Amino acid sequence: MGANATDMAQDALFRMAAADPDRMLCARFLPRSCRSGAWAVLGFHNEVIRALAPGRSGAVAGSMAGYIRLQWWRDVLEGVRGPEHELAPRLVALVEQGLVARATLLRLVASAEAELAQRDAEGAGIAQWRGMLRDGAGALQRAMGELLGVRDDNILLRLEACGMAYGAGAMLRHGAVLERGGRFLFPGPAEDLRREGQRLLAELAGPGLSASWRAAALPAVLARRDLARGGEQAGHPRGVGDRLAVMAAGAGLLRPF
């Protein structure tokens, strides 16, 4: 691939990942060698989330279309289908090179499938919500740790807690928008969701934290601020204070948790 083609491919990856500005900001502080891989994972996560959008023909038709889209990505990751999407070859390469575990990426698919199944289910509770969050936002942050070369499962589980805490904070921040989009929200009052997020942040913290993987924990900065703020911020861009807090932690001036 020539230099121009490589630049175009990188630009496409960047655009696909940019739909998630919070995690894109955090990814800027990963080592340069990891960034294109992080963009590919973020772009994949955005594609998976798109499968949860309600269809124009109603919730049932939208769910069926979502299942089909998610099965397509599952087939790509499992080698059943050729990489027809421009993002797919990058994901397959990450797996084949041992940079990200196939099982980690498949968990993102499984989380979205579970959310589709719960959309119209009666009695979906906190246990189901936690499972979806761990396999969704949690697995996404685990993938960032894997890109950094982390293989210690205890550390990777703490990074999952970081991703889950960010997800809980984002749900507090954007609850109205997520509800309009038909997403499966926390099945309880906002104060319980706040406590859940704070508990997850406590799982991340602890002794033995290495600077080599702290860049993968930067979403904890935004999680802490969102959980402390607590109010609905849907539709409002991040303030300068939030961005500066991430930048300070990313530059090593502050710990991210």
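Good morning, colleagues. The protein chain contains 11 helices and 0 strands. What we are looking at is a predicted model. Read from the N terminus, the order of elements is α-α-α-α-α-α-α-α-α-α-α. Of the 257 residues in the protein chain, 49% count as buried. As for contacts between residues at least 6 apart in sequence, 74% join residues at least 24 apart.

Let me turn to helix H5, which spans residues 88–96. Which of its residues are buried? They are Ala88, Leu91, Leu94 and Val95. These four residues occupy an arc of only 125 degrees around the axis, and therefore lie on the same side of H5. The general background is that an α-helix has 3.6 residues a turn, so residues three or four places apart point the same way. Just after H5 comes glycine 98, with a positive phi of about 75 degrees.

My second topic is a helix pair. Two packed helices are described by the angle between their axes and the distance between the axes. Helix H8, residues 153–180, packs against helix H10, residues 219–229, at an angle of about 40 degrees, and their axes are 8 Å apart. An angle of that size falls outside the parallel, antiparallel and perpendicular ranges, so H8 and H10 are oblique to each other. Their crossing is left-handed.

Which residues meet there? From H8 they are Cys162, Ala165, Tyr166, Ala168, Gly169, Ala170, Leu172 and Arg173. Their counterparts in H10 are Pro219, Ala220, Leu222, Ala223, Asp226, Leu227 and Arg229. Sorted by class, the contact of H8 with H10 comprises 11 nonpolar, 1 polar and 3 charged residues. Thank you for your attention.

Conventions: Residues numbered from 1 in each chain as written. Predicted model: local features only at pLDDT ≥ 70, side-chain atom pairs only at ≥ 80, totals over all residues. Heavy atoms only, no water. Buried < 20%, exposed > 50% of the residue type's maximum accessible area, 1.4 Å probe, protein only. Helix = DSSP H or I, 4+ residues; strand = E, 2+ residues; numbered from the N terminus. Arc of directions from axis to C-beta. Axes fitted to C-alpha atoms, helices over the stretch in contact; angles between N-to-C directions. Parallel < 35°, antiparallel > 145°, perpendicular 65-115°, else oblique. Left-handed = near helix turned anticlockwise from the far one by under 90°. Contact = heavy atoms within 4.5 Å. Nonpolar A, V, L, I, M, F, W, Y, C, P; charged D, E, K, R; others polar.
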